[in-house]
Structures are given as C-alpha cells and as structure tokens.
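The following exercises ask the reader to work from the coordinates to a reasoned description of a protein chain. Each task is followed by a solution in steps.

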Amino acid sequence: RRLVGSMEFSRAAFEALRSEGMTRAWDGLGGSHTLVTYPPLDALGPLGPAGVLPNLSAVRAVNLYVHVPFCEMSCAFCPYETRLISDSNSNIDRYLRALTTEMDLIGDNLRNAEVRSLYIGGGTATVLSEIQLETLLKDLRKRFAFSPDALICIETSPNALIQDPSKIGLLRRLGVKRVSVGVQTFSESALRSEGRTHSPRATLSILEKLIHEIEVVNIDL
C-alpha cells in the first residue's frame, strides 16, 4: 500500500516506522520539503556562471540580495550556516573581498539594469563594523545603478544595536530605509533559552530609537 500526503514525525518515530519496513519517497518535483528550503535541495542541479551570466544583459530591473553570514551569538532555533563574529574576525575582510569580486562579475553583466531594491541579510548584517558597512554600501553603489527611490533594507538583531546604537544613525546616513529586526520574542525566559543576552526592556528601547531614525522598521516574532 502507498500513503500519499503530508505527515510529520519525530526522528525517533520515523526510525520506528522504518524498522517495520516503511520507506519514504517523493513524486514530481521531489525533495526534502522544509519551511526554509524551497525548491527542495535535492530537486536542484548544478548551475555555473556560464548558464546565468550571459542572460543578465537583457535584464532592465533587478532586486539585489547580499548575504552576510556572521552573527554575534548562536541562537538555538537558527537553521542557517553562520559563523560567530568572535571566531571569524580574520575571515570577515576576506569574505567582503570575495563579495566585491562577485559584485564585479555580476555588475558587469547587469550594467543595463536598474536596482529597485537591496536587501542585506544574514546572519546579522549589522555585526559588520561601521567602516565595513560603509564600504559595502559604497562598493554596491559604485557597481550597480540604483534607482532614485530604491528601497534599501538591512537585517539586524536587537543585541547588535544595543551593543552599538550609533549604527542606527549610520544606517540612516547610508540611505537605509527599512530595518528588519530579529526580535523573535519578548519573553525573558525564551530569550535565555535561545542563548540571547539582551532583555525585553532593552529591545523595546532600541526599537524606539530605530523608529525615530528609520522610515520602516520590521520586527520578526
């Protein structure tokens, strides 16, 4: 017999079912469907620059995403591949240099495109120093043609701004119009269990400062 549908099992329950001879398979697109992986990873094939870059010259409008895979702490709920900034200081500049090389490669092929929006995510993008943030935005503007009303958004955490609130003014001066804050919870006990060191009161205080400086503030709960 064949069971078709969507069911959720714990790892222990699945192992017990497998010991009884039950197996799993996917039809159609296939893949290990999860909340954060779509299309499913095992539905994807290898793709190199030669298959993408020649097609970019026809693009007239683009939304850019820039990834910063560094965090100030490791959160228990996070599924992403990140590095703690305390362990990665020597790697950050190297990563940013590689990112600049990628900008040159992509920007040359997107010279006819106007950037409508830029999202700098992570990780926690604001763990970069003020000089690094300023250089990153400057390098992006030098290599891509931004529209006058381009929406620039950056991801942050409460703790990153609590530790260095001066970055809020820097983001405004750099033209950031939207900040997405990974608040996650205002529960003191939940914050502790996630390994976060800031308090709900400190989070509300930094959000108030953000709202006075930045046009749009988004919070993740």
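**Exercise 1. Identify the network of salt bridges that involves D104, and characterise its members.**

Solution. The model is a predicted one.

Step 1. D104, D139 and R143 are joined in a network of salt bridges.

Step 2. Within this network, D104 pairs with R143, and their closest N and O atoms lie 2.5 Å apart. The pair connects distant parts of the chain, since D104 belongs to helix 2 (residues 85–109) and R143 to helix 3, with their positions 39 residues apart in sequence.

Step 3. Apply the limits for burial: under 20% relative accessible area is buried, over 50% is exposed, and values in between are partly exposed. D104 has a relative accessible area of 40% and is therefore partly exposed. R143, at 22%, likewise counts as partly exposed. D139, by contrast, is among the buried residues of helix 3.

**Exercise 2. Determine how the buried residues of helix 3 are arranged around its axis.**

Solution.

Step 1. Helix 3 comprises 14 residues (130–143) and spans 20 Å from its first C-alpha to its last, close to the 20 Å expected at 1.5 Å a residue.

Step 2. The buried residues in helix 3 are Q132, L133, L136, L137, D139 and L140. Viewed down the axis, the buried residues of helix 3 fall within an arc of 160°, so they line one face.

Step 3. The general geometry is relevant here: an α-helix has 3.6 residues a turn, so residues three or four places apart point the same way.

Step 4. On the face of helix 3 turned away from the buried side are the exposed residues I131, K138 and K142.

**Exercise 3. Describe the surroundings of I120 and state whether this residue is buried or exposed.**

Solution.

Step 1. I120 lies in strand 4 (residues 114–122).

Step 2. The relative accessible area of I120 is 1%; because the limit for burial is 20%, I120 is buried.

Step 3. Leaving aside residues up to four places away in sequence, I120 touches V66, V68, A125, L136, L137, C153, I154 and E155. Of these neighbours, L136 and L137 also appear among the buried residues of helix 3.

Step 4. I120 and H67 are 53 residues apart in sequence, yet their C-alpha atoms are 6.0 Å apart in space.

**Exercise 4. Which residues does S147 touch, beyond those up to four places away in sequence, and how are E114 and R116 paired?**

Solution.

Step 1. S147 is part of strand 5 (residues 145–156). With 6% relative accessibility, S147 counts as buried.

Step 2. Beyond residues up to four places away in sequence, S147 touches E114, V115 and R116.

Step 3. The side chains of E114 and R116 meet in a salt bridge of 3.0 Å, N to O. R116 is partly exposed at 45%, and E114 is partly exposed at 28%.

**Exercise 5. Locate the salt bridge between R192 and E188 in the secondary structure.**

Solution.

Step 1. The closest N and O atoms of R192 and E188 are 2.1 Å apart.

Step 2. Both residues lie in helix 6 (residues 188–193), 4 residues apart, about one turn of the helix.

Step 3. R192 is partly exposed at 36% relative accessibility, as is E188 at 40%.

Definitions and conventions:
Residues are numbered from 1 along each chain as its sequence is written. This is a predicted model: local features need pLDDT of at least 70, side-chain atom pairs count only at pLDDT 80 or more; totals for chains, interfaces and linings use all residues. Side-chain values use heavy atoms; hydrogens and water are left out. Helices (H or I, at least four residues) and strands (E, at least two) are DSSP runs, numbered from the N terminus. Buried means under 20% relative accessible area, exposed over 50%, partly exposed in between (1.4 Å probe, protein chains only). Contact means heavy atoms within 4.5 Å. The expected span of a helix is 1.5 Å times one less than its number of residues. The arc is that of the directions from the helix axis to the C-beta atoms.
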